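Let's take a walk through this structure, one stop at a time. Keep the 3D view open while you read.

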Amino acid sequence: MDFKYHIVSSMCKVFPDGANQKELKEKNLTGLKGETLSFQIAYYWSGEGKNYGSLKVSSPIKDHVHVRMVNLVPCEYPCHPKRDDGYLSTVPGMYPDRLSQIPQQGFLLIAGQWRCLWIDIETDMTIEAGIYPVILRLESNGMILCDAKMTCTVIDVPLPKLPIAYTEWFHSDCLAEYYQTEVFSDYYWEIVESFVRAAAKHKCNMLLTPIFTPPLDTAIGKERLTVQLVDVTVSSPDPGSPQNPHYEFGFSNFHKWVNMALECGIEYFELSHLFSQWGAKAAPKVMALKDGVYQQIFGWETDASGSTYREFLHQFLTALKGELDKMGIASRTYFHISDEPPMDELPSYRRAWESIAEDLKGYKIIDALSDYDFYQEGLVQRPVCAVDALKPFLENRPEHLWCYYCTAQCVDVPNHFIALPGCRTRILGVLLYKYRLDGFLHWGYNFYHSELSHYRIDPYQCTDAAGAFPSGDPFLVYPGKDGKPEGSIRQMLLDEAMSDYCALTALENLAGRDAVLKLVNEETVTFDKYPQEETYLFRLRQKVNHALQNGLAR
């Protein structure tokens, strides 16, 4: 029996044939207190058939060491025809991505294939600064396969909190559908909390909150499962304005959602969009109790600029703002008008903006868009610009500027498609820091639908929204057993990206921004041109960590 192994970085995606494998030369990870340090053991077994292996961890900090299996997932649509040359592969197949707990029988040994174990060293404030050996013994049938050795150096500097907002859009309807549970049932709340907690653990500190069912990725005329948090009752007409009804609002589920999120570690709330996607022509689906019947009162058939919906929004926003004040989250709450409005829909977006401008005066409004004219016309305070369209925004910079990527950002720029090298995902943190961006948004934490939500998909079988988006774009986590999410390599890479941002911030607080930028800019680093290998990020963090260690020692 032949057994081989290599220690590889968290940015390395090892295919079953061993492709893309790069052994770590330095078997030492260095990090700050509170940082998760990750690496992988890539192993090859040539025995007959399938077998299982067991693992033992030996280390003074073994209680902080957690091991998962790296699983292959189907990627039928790994990339768009429009792409650059930097993808790991462009061929449909099985790609490494999903991280799962090691089952009771042990980790997989599959004849003639390379597989990986994913190791996290989760440091916290209880660990004393120092150098710690970590030895992982792999065995099978009583035989020692290897002793993989790594050294972990913990610096006596706490990792600062992420200083910007980071959101991955949360689709609670997908969770209710996948786990076949009723919205707002006890099990629904357990599942939602589990998925929110996992997001917050990995530095996702903002949560999309469905005050109404979010009007996102929905075909015109169709609808998604109702997950509306706010209860609406249509009561008698307002005597002063007989043509408009009076509405009453209940916020108990909204309060429950917010309190749950705060307990999980969420800091910021973005409320679901007040108008339809791609131009704000219609209202979102709004359900209400009317004439004793729970029914839809607004939706695709509703003119977004009509007086009826405007009056509803005025009454609703007036009530909502009072609740935000009661809960003490008004300053941490962000509103949306419409997602990704195209330039030819600027007039409809303007009408939507004008309908809520007075009611939301002084509140934060963000929207994903890429045309500078929307900002120049004063229609959005905090533009969230696509990473491949930032140039005009950076040249005439708004006071507040965010960025995002999705399926369309597929050439040269960072993204977290499964087929991209890990360094192209992790570089995001350095870029966010360098360009002083105020937030990052991505649309799919757990979108388990086909494009436009025509039907549900099984995320264990389909990673591309039924051939619409490059695999990995629709979601970062998989719906595991018992309502608990399974993570992915990409989720961990984004965690590392945000840790890089936090470490750069720590050094800035110690040595100033110019000193940090000098380290960052030792190589060209822009959104469309940056090092396409792991070593840049390793060297940068080594220098940052060394400077922090030495700076505090003086």
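Our first stop is a helix. The face of helix 11 turned away from its buried side carries two exposed residues, Asp 514 and Lys 518. A few terms before going on: exposed means over 50% relative accessible area, buried means under 20%, and partly exposed is in between, with a 1.4 Å probe and protein chains only. Helices (H or I, at least four residues) and strands (E, at least two) are DSSP runs, numbered from the N terminus.

This is a predicted model, where local features need pLDDT of at least 70 and side-chain atom pairs count only at pLDDT 80 or more, while totals for chains, interfaces and linings use all residues. Residues are numbered from 1 along each chain as its sequence is written, and side-chain values use heavy atoms, with hydrogens and water left out.

Back to helix 11, which spans residues 513-520: its buried residues are Arg 513, Val 516, Leu 517, Leu 519 and Val 520. Why do they sit on the same side of helix 11? Because they cover an arc of only 155 degrees around the axis, the arc being that of the directions from the helix axis to the C-beta atoms. As a rule, an α-helix has 3.6 residues a turn, so residues three or four places apart point the same way.

**The cores**

Next, the inside. A nonpolar core is a set of buried Ala, Val, Leu, Ile, Met, Phe, Trp, Tyr and Cys residues joined through side-chain atoms within 4.5 Å. The largest one here has 169 residues, and those touching the most other members are Val 232, Phe 254, Phe 275, Phe 312, Phe 316, Phe 335 and Ile 356. Helix 10 (residues 489-511) gives this core its largest share, 11 residues. A second, separate core has 29 residues, among them Ile 41, Val 134, Leu 138 and Cys 152.

Zoom in on Phe 335 and its contacts (heavy atoms within 4.5 Å). Leaving aside neighbours within four places in sequence, its partners include Leu 271, Leu 274, Leu 317, Tyr 363 and Ile 366.

Helix 5 (residues 346-356) has its own buried residues: Leu 346, Ser 348, Tyr 349, Ala 352, Trp 353, Ser 355 and Ile 356. What covers them includes helix 4 (307-327), strand 19 (364-369) and helix 6 (372-376).

**Two acidic residues and a lysine**

Glu 270 is found in strand 15. Is Glu 270 buried or exposed? Glu 270 is buried, with a relative accessible area of 0%. Not counting residues up to four places away in sequence, Glu 270 touches several others, including Thr 167, Met 206, Tyr 334 and Leu 441. Thr 167 is 103 residues away along the chain, yet the two C-alpha atoms are separated by 8.6 Å.

Asp 84 is in the loop between strand 5 and strand 6, and is buried with a relative accessible area of 12%. Among the residues that Asp 84 touches, not counting those up to four places away in sequence, are Cys 410 and Arg 424.

Lys 281 lies in the loop between strand 15 (268-271) and strand 16 (286-290), and is exposed at 52% relative accessible area. The C-alpha atoms of Lys 281 and Glu 345 are separated by 8.4 Å, with their positions 64 residues apart along the chain.

The table lists polar contacts of these three residues. A polar contact is a pair of N or O atoms within 3.5 Å; within protein, one must be able to donate a hydrogen and the other to accept it, and residues adjacent in sequence count only if both atoms are side-chain atoms.

| Side chain of | Partner | Distance |
|---|---|---|
| Glu 270 | side chain of Trp 169 | 3.0 Å |
| Glu 270 | side chain of His 336 | 2.5 Å |
| Asp 84 | backbone nitrogen of Gly 86 | 2.6 Å |
| Asp 84 | backbone nitrogen of Asp 412 | 2.6 Å |
| Lys 281 | side chain of Glu 345 | 3.2 Å |

**Loops with a twist**

Arg 436 has a positive phi of about 50 degrees although it is not a glycine. Arg 436 lies in the loop between helix 9 (428-434) and strand 22 (439-442). Asp 482, also not a glycine, has a positive phi of about 60 degrees; Asp 482 is exposed, with a relative accessible area of 62%.
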